[in-house]
Amino acid sequence: MIVTVTANPSLDRTIEVDRLRRGEVQRAVGDRVDPGGKGVNVSRALVANGHATRAVLISGGHAGTELLDLLAEAGVPIIEVPVSQGVRSNLTLAEADGTVTKLNEAGPVLRAEEIEELLDAAIAAPPNYALQTPSSSIDRPTAWIAGCGSLPPGVGADFYALLVDRARETGAATVIDTSGAALEACLASRPDLVKPNLEELAEAAHTPITTLGDAVAAAEALREAGAGAVLASLGAEGAILVDDAGVWHARAPLAGPVASTVGAGDAALAGFLAAGGHGPDALAAAVAWGTAAVALPGSVMPGPKDIDLSAVQVVRDPDADHVLSSPEAS
Ligand SMILES: O=P(O)(O)OC[C@@]1(O)O[C@H](CO)[C@@H](O)[C@@H]1O
C-alpha cells in the first residue's frame, strides 16, 4: 500500500497554443483539465497500473469539488481533509514546439487544526502498517507514505519532517518529493528516500550541477544530511539512484515527440515505489514510467501499454564526467 499525501493539490488546466505571444489575445487549439498535485499524480499513476494506493489530500471550494470528481472518475481512492479555503488551479501553457510554461498558484491558507487533521489522516490510512511491515525490514517495506509537492501558505517548512517522524511510528517507509526549505527541513527526520529533480537537488545541496558526478555528489550530501536514499530525476537524462548499496544511472530513449513533461517526475516516483522502492530494478521502472509520461498530454499518467521497461538502460557507477543536458520541468 502506498499512501500519498498532498498538502497542496490542484486542478491542472492545460491550454494548448501554436506559439505563445505575450500581451496578445490568442485562441487555444486545445485544452484539458486533469486532477493535479504531485502526490495525487503518484496515486493516479499507481491506480493506472493496478497498484494499491490512497491519496490523502485537502479539499475545498469549487476547484476542490471538481478535483474530487475527477479522482472518483479515475478510480483513485482518496481520504479528503476538508479545509475552509479553496484548492488552487494551476495553469499550463503548452506550445506546439514542446515549450511548457507553468503557472502555479500558492494555494489556500491552511489553519493549524487543518494541518493537524491532514497529518492524522496520513498516518491513519491504512491502519495496518505495522502488520504489513516488520520494523526490521525497512529495506524492503511494503507500506510507504509519500509526502509530495509544495506546501500551501500557513504550513510550516517542517511539515514533512513531522510527517516522517509520525510515519516512523507506524512502520511505514517514507519518501518526500518537495523542494526548497521543506526539502531541507525534512532531512533531519531521516526519510527513507527523497526524490528531487535536478534543480531541486542543486538547490538543496547548495551546489551547481553540470555533470553526473556533480549530481551524485549532491545526492551524497543529502544522504549525509539525513536522507536514506536519493532518487533524482534528470529530465531527458533519466534518473540516478544513490543509496547504501551504490550509485546507478538509468535512461531510456523517448518513444515519440514530447507531449508534456508535467507530472513525469511523479510518474517516475510511482514506478519506483511500485517496483519495490529499492535498488536498480526500481530505478529502471522509475525511468520507464517517467519516459512514458512525457509522451502523454497534460499530466496524463501512463498505463501498462505506455510503459516499456525493455528500453531502459541501467549503469552502475556511471561516468562522473558526463555532462548533463536539459533540466526537468514538472
Ligand atoms: O506547486 P507544486 O506543488 O510544486 O507542484 C504542483 C504541480 O505543478 O506538480 C504536478 C506535476 O508534478 C502538477 O500536477 C501540479 O500542478
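**Around the ligand and between two helices**

Guide: In this predicted model, a polar side-chain atom of Asp266 lies 2.6 Å from an oxygen atom of the ligand.

Visitor: What makes that pair of Asp266 and the ligand a polar contact?

Guide: A polar contact is a pair of N or O atoms within 3.5 Å. The distance for Asp266 is 2.6 Å, so the pair counts as a polar contact.

Visitor: Which distances do the side chains of Asn41 and Asn90 give?

Guide: From an N or O atom in the side chain of Asn41, an oxygen atom of the ligand is 3.0 Å away. For the side chain of Asn90 the value is 2.9 Å. Both are within 3.5 Å, so these are polar contacts as well.

Visitor: How much of the ligand does the protein cover?

Guide: On its own the ligand has 400 Å² of accessible area, and the protein covers 92% of that.

Visitor: Which elements give two or more residues to the shell around the ligand?

Guide: They are strand 2 (10-17), helix 1 (38-48) and strand 6 (88-95). By class, the shell holds 10 polar, 5 charged and 1 nonpolar. Of the 16 residues around the ligand, those that come nearest are Asp12, Asn90, Lys102, Ser150 and Asp266.

Visitor: How do helix 1 and helix 9 pack?

Guide: Helix 1 and helix 9 (residues 264-274) pack at an angle of about 55°, and their axes are 8 Å apart.

Visitor: Why is helix 1 called oblique to helix 9?

Guide: Angles under 35 degrees count as roughly parallel and 65 to 115 as roughly perpendicular. An angle of about 55° falls in neither range, which makes helix 1 oblique to helix 9.

Visitor: Is the crossing of helix 1 and helix 9 left-handed or right-handed?

Guide: Their crossing is right-handed.

Definitions and conventions:
Residues are numbered from 1 along each chain as its sequence is written. This is a predicted model: local features need pLDDT of at least 70, side-chain atom pairs count only at pLDDT 80 or more; totals for chains, interfaces and linings use all residues. Side-chain values use heavy atoms; hydrogens and water are left out. A residue is near a molecule or strand if one of its heavy atoms lies within 4 Å of it. A polar contact is a pair of N or O atoms within 3.5 Å; within protein, one must be able to donate a hydrogen and the other to accept it, and residues adjacent in sequence count only if both atoms are side-chain atoms. Accessible areas come from the Shrake-Rupley method with a 1.4 Å probe; for residues, only the protein chains shown count as cover. Helices (H or I, at least four residues) and strands (E, at least two) are DSSP runs, numbered from the N terminus. Ala, Val, Leu, Ile, Met, Phe, Trp, Tyr, Cys and Pro count as nonpolar, Asp, Glu, Lys and Arg as charged, and the others, Gly among them, as polar. Axes are lines fitted to C-alpha atoms, for helices over the stretch in contact, and angles run from 0 to 180 degrees between N-to-C directions. Angles under 35 degrees count as roughly parallel, over 145 as roughly antiparallel, 65 to 115 as roughly perpendicular and the rest as oblique. A crossing is left-handed if the near helix is turned anticlockwise from the far one by less than a right angle, and right-handed if clockwise.
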